Amino acid sequence: MILVIGGAGYIGSHVVNRLVETERVVVYDNLSTGCREAVNEQAIFIEGELVDEKRLTQVFSLFPIKTVVHLAAASVEVESNENPQLYYENNVTAMLVLLKVMRAHHVKNIVYSSTALTSSPANEPLNEQSYIETTNPYARSKYFSEQILQDYTMAYKMNCIVLRYLNGSGTQIEDLVNAYSMALETVAKNERSFKIYNLGNGQDYSVKETKEKETITKSDSHIEDTPVFIASLQKIQQELGLYAEKNLQRLISDTWNGHQIKNFNF
Ligand SMILES: NC(=O)c1ccc[n+]([C@@H]2O[C@H](COP(=O)([O-])OP(=O)(O)OC[C@H]3O[C@@H](n4cnc5c(N)ncnc54)[C@H](O)[C@@H]3O)[C@@H](O)[C@H]2O)c1
């Protein structure tokens, strides 16, 4: 059985839609930015706060959880500068609570959602070892969480995969869902390892190319020429076999639709 924390959110609800095809799934979510209606009917839904150790313990006691997919986070960079306490509590303290409860129930497998850990433009695609520069409490909370996961994986012989979304403009949702499926297959192999994989589409686009697709959003988006960084997908392609579709039109429409859904429903 798989526990998806944050499974009522934008990415989580899509991951759950895929997982219920083959697995029994429990979704745990406080609905702070998620939407109850987005949770697939085949999944068991439990409303709860991640930092609530007692409630989380009940969930692990009630269900035979084998693997955790952790997508729950406060994730607005600007807000994190204004209220770092919320970000460190929600993203770091809650992670420690989750790991404590997992250990108490001998649950060893976790797939964690991280984010781009740099804002520096680069000439080369960034790989998983590239220079890390965290510029806000949100990014730092993800960085600290990665470090905690690495330490726990080594000390307590866990299986952990971190998926880092590197493309600022977003990724196509289908590719993300595929990545989660592959990551789950990999942690289930019980190799007791900690791995980080970049996600993205491995390509940047010029401002001109992006402007030309403005009809998708039907708005004058005033796109500015800002520095770009792109993800090297070599590792995830070689080790998990994930190949992302390089299609600017679909990337913009998926990202735009995601924002519309969030603004309307969530
Ligand atoms: N969407 C992106 O482009 C993107 C980019 C980089 C990283 N990520 C990461 O991917 C994950 C999912 O992103 P998303 O876009 O689906 O976000 P989202 O806000 O739509 O989903 C997050 C879900 O987690 C829940 N949640 C938050 N804090 C919680 C808590 N303390 N206890 C229980 N539930 C809680 C929310 O209610 C929501 O359903 C996040 O960890 C985010 O940081 C997303």
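Let's start with a pair of helices: the axes of α2 (residues 53–62) and α4 (residues 84–104) come within 10 Å and cross at roughly 35°. Keep in mind as you look that this is a predicted model. Two packed helices are described by the angle between their axes and the distance between the axes. To those two values we can add a hand, since the crossing of α2 past α4 is right-handed. On the α2 side, the contact is made by Glu53, Leu56, Thr57 and Phe60, and α4 answers with Val97, Leu98, Lys100, Val101 and Met102. Sorted by class, the residues of this contact are 6 nonpolar, 1 polar and 2 charged.

Now step back to the whole protein chain. It holds 9 helices and 7 strands. Of its 266 residues, 49% count as buried. Among contacts with a separation of 6 or more, 74% are between residues 24 or more positions apart.

From here, turn to the strands, beginning with β5. All of its residues, 7 of the 7 in 109–115, are buried, so this strand is largely enclosed by the rest of the structure. In a regular strand the side chains alternate between the two faces of the sheet. For β5, one side carries Asn109, Val111, Ser113 and Thr115, the other carries Ile110, Tyr112 and Ser114, and both faces are covered.

What are the pairing partners of β5? One is β4 (residues 67–70), which pairs with β5 in the parallel sense over 4 bridges. Within that pairing, valine 68 stands opposite isoleucine 110 of β5. Another is β6 (residues 159–165), paired with β5 in the parallel sense over 7 bridges. There, serine 114 has arginine 164 of β6 as its bridge partner.

The next pairing is that of β6 with β7, again parallel, over 6 bridges. You can locate it through isoleucine 161, which stands opposite lysine 195 in β7. Strand β7 is mostly covered, with 5 of its 6 residues buried.

Next, the nonpolar interior. In soluble globular proteins, nonpolar side chains tend to be buried together. Here the largest nonpolar core has 35 residues, and Ile11, Leu163, Tyr180 and Ile236 are those with the most contacts inside it. Two or more residues each come from β1 (2–5), α1 (10–19), β2 (25–29), β6, α6 (173–187), β7 (194–199) and α8 (234–240). The largest share, 8 residues, is given by α6.

Leucine 163 is a handy place to centre your view. Beyond its neighbours within four places in sequence, leucine 163 is in contact with Val111, Tyr112, Ser113 and Ser114, and also with Ala179, Tyr180, Ala183, Tyr197, Leu199 and Ile236. Apart from the largest core lies another, of 32 residues, including Leu50, Phe60, Ile65 and Met95. Phe60 is also one of the α2 residues in the helix contact where we began.

Let's finish in a loop. Arginine 36 lies between β2 and β3 (44–47). Is arginine 36 buried or partly exposed? Its relative accessible area is 39%, so arginine 36 counts as partly exposed. Setting aside neighbours within four places in sequence, arginine 36 is in contact with Leu31 and Phe45. Glycine 9 is 27 residues from arginine 36 in sequence, yet their C-alpha atoms are 8.8 Å apart in space.

Notes. Residues are numbered from 1 along each chain as its sequence is written. This is a predicted model: local features need pLDDT of at least 70, side-chain atom pairs count only at pLDDT 80 or more; totals for chains, interfaces and linings use all residues. Side-chain values use heavy atoms; hydrogens and water are left out. Buried means under 20% relative accessible area, exposed over 50%, partly exposed in between (1.4 Å probe, protein chains only). Two strands pair if DSSP finds at least two bridges between them. A nonpolar core is a set of buried Ala, Val, Leu, Ile, Met, Phe, Trp, Tyr and Cys residues joined through side-chain atoms within 4.5 Å. Contact means heavy atoms within 4.5 Å. Axes are lines fitted to C-alpha atoms, for helices over the stretch in contact, and angles run from 0 to 180 degrees between N-to-C directions. A crossing is left-handed if the near helix is turned anticlockwise from the far one by less than a right angle, and right-handed if clockwise. Ala, Val, Leu, Ile, Met, Phe, Trp, Tyr, Cys and Pro count as nonpolar, Asp, Glu, Lys and Arg as charged, and the others, Gly among them, as polar.
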